[in-house]
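Please open the model in your viewer and keep the sequence panel visible. The tour below proceeds by selection, stop by stop.

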Amino acid sequence: MGDQAKLSAGDQTADFAVLKGSVGPDVVDIRKLYADTGMFTFDPGFTSTASCESALTYIDGEEGVLLHRGYPIGQLAESSSFMEVSYLLLNGELPSQQEMTDFNYTISRHTMVHEQLLQFYKGFRRDAHPMAVMCGVVGALSAFYHDSTDISDPEHRRISSHRLIAKMPTIAAAAYKFAIGQPFLYPDNSLSYTGNFLRMTFGVPAEEYELHPAVERAMDRIFILHADHEQNASTSTVRLAGSSGANPFACIAAGIACLWGPAHGGANEAALNMLREIGTPDKIPHYIERAKDKDDPFRLMGFGHRVYKNYDPRATVMQSTVREVLDALKVDDPLFETALQLEEIALNDDYFAEKKLFPNVDFYSGIILSAIGFPTTMFTVLFALARTVGWVAQWNEMISDPGQKIGRPRQLYTGPVQRDYVPLEKR
Ligand code: CMC
């Protein structure tokens, strides 16, 4: 028998198995807790709860480690490509050369969207936030691709996963084009996944689009950095939506909605807006004081993380990528200097040190994305595009798990106890 955990409450005692992963903290298996004791656990925000078993991504927040299928994020960002990381996340192993060629081919053959779907955009206001458009259009995919929504069929799951990964750049670029009033561009399958996305976003039908290799590489790296991050809020949302048997397009739309929030995917937009508000380094101390003031809702956006209590390894890659992009594009963005100084001042401040608040992936990404030419409203869309691969990989893992159940948390009820209805005229 493996390790056991004992719980004593009042006159009750119960034993629970302690389960071990391949690495990382053990978990106490409390699935029988309610049946055995009549009690629930209470864990708002799931700060101590492992909601599922997964073999995709491992994070050691204390050490600042992030692994996809065992491979460190730094190595993947340095040497791999977003398509290769997508294959890895979906299939568990790095592809052979033939498998890579086949995967690239398959994804490129799904890049177009149903022509009628493009009509959808016209129903939105031009000033709509592109994440609002993404929620709507991605959800609408389930109205177009009925031939891949039978979640019990592995082949349907495979095709819908490929469709989602392949169509997301087309849908995201169209959201941008619609907002600025330019015509949509069809995909060009002779380009890389990322090159095709940049062309659909920044190209125009009137002339050839010139792809900048450094920008293509940086964008691809940003996609790698956002590909998956274990059971974060949006991924948990996708899993919860999927646990009821909902189709994958609807589940990913749910993930997009969750990602939009400023505490999650919206933080990259908020971080750049904050840097713009701070402006010059002389204003930093004022904002640091505001971030520390309990009565002020202001927080340093791009700082702090639920899991990382050390430097976010993605932020390290992001910081070096900022330099590469600014140099390649010959852009001199004074906000980069402000960001570097803000980071240094915060890291040397007791408040941030004690609470273990470090820069996260979003702290520097906005500077790169803005140098490439994206408006801030598109930042979270790019996150959604990249995270789609993690979402579909996690969704597939959940559906294939024979022990999978509908997600149904319980609660600590604090409302009124039963009472009798009083007719309106007697109140
Ligand atoms: N600035 C100032 N104080 C902060 C910050 C911050 N950015 N983040 C956390 N704190 C304080 C917080 O006030 C709390 O203080 P106290 O213990 O005195 O009440 C303490 O640190 C712990 O914070 P928490 O909110 O309980 O921690 P959490 O794990 O629930 O929240 C977080 C994590 C990411 C939501 C939070 O750090 C935050 O709001 N950061 C800014 C938003 C941001 O950059 N989000 C992107 C996350 S990375 C991308 C992604 O995965 O989506």
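Before beginning, please note that this is a predicted model.

**First stop: a residue in the loop between two strands**

Select Arg 69, which is found in the loop between β5 (65-68) and β6 (71-72). Its phi is positive, at about 50°, although Arg 69 is not a glycine. Most residues other than glycine have a negative phi. Is Arg 69 buried, partly exposed or exposed? With a relative accessible area of 24%, Arg 69 is partly exposed, because the buried class ends at 20% and the exposed class begins over 50%.

**Second stop: strand β4**

Next, select Thr 57 in strand β4 (residues 57-60). Thr 57 has a relative accessible area of 10% and is therefore buried, the limit for that class being under 20%. Which side chains are joined to that of Thr 57 by polar contacts? One such contact, of 2.9 Å, links the side chains of Thr 57 and His 68. Another, of 2.5 Å, links the side chains of Thr 57 and Asp 228. Now display the surroundings: leaving aside residues up to four places away in sequence, Thr 57 touches Leu 66, Leu 67, His 68, Leu 89, Asp 228, His 229 and Glu 230.

**Third stop: a residue that Thr 57 touches**

From Thr 57, move to Glu 230, one of the residues it touches. Glu 230 lies in the loop between α9 (213-225) and α10 (233-243). Glu 230 is not a glycine, yet it has a positive phi of about 40°. Its relative accessibility of 23% makes Glu 230 partly exposed.

**Fourth stop: a pair of helices**

Select helix α7 (residues 154-180) together with helix α8 (residues 193-202); they pack at an angle of about 20°, and their axes are 8 Å apart. The angle makes α7 roughly parallel to α8, because angles under 35 degrees count as such. The crossing of these two helices, α7 and α8, is right-handed. To see the contact, show Ile 165, Ala 166, Pro 169, Thr 170, Ala 172, Ala 173, Tyr 176 and Lys 177 on α7, and Tyr 193, Phe 197, Met 200, Thr 201 and Phe 202 on α8. These contact residues of α7 and α8 comprise 10 nonpolar, two polar and one charged.

**Final stop: the segment after α18**

Finally, select Pro 416, in the segment after α18 (379-400). Pro 416 is partly exposed, at 45% relative accessible area. Add Asn 348 to the selection: 68 residues separate it from Pro 416 along the chain, and the C-alpha atoms of the two are 49 Å apart.

Technical notes. Residues numbered from 1 in each chain as written. Predicted model: local features only at pLDDT ≥ 70, side-chain atom pairs only at ≥ 80, totals over all residues. Heavy atoms only, no water. Axes fitted to C-alpha atoms, helices over the stretch in contact; angles between N-to-C directions. Helix = DSSP H or I, 4+ residues; strand = E, 2+ residues; numbered from the N terminus. Parallel < 35°, antiparallel > 145°, perpendicular 65-115°, else oblique. Left-handed = near helix turned anticlockwise from the far one by under 90°. Contact = heavy atoms within 4.5 Å. Nonpolar A, V, L, I, M, F, W, Y, C, P; charged D, E, K, R; others polar. Buried < 20%, exposed > 50% of the residue type's maximum accessible area, 1.4 Å probe, protein only. Polar contact = N/O pair within 3.5 Å; in protein donor to acceptor, adjacent residues only side chain to side chain.
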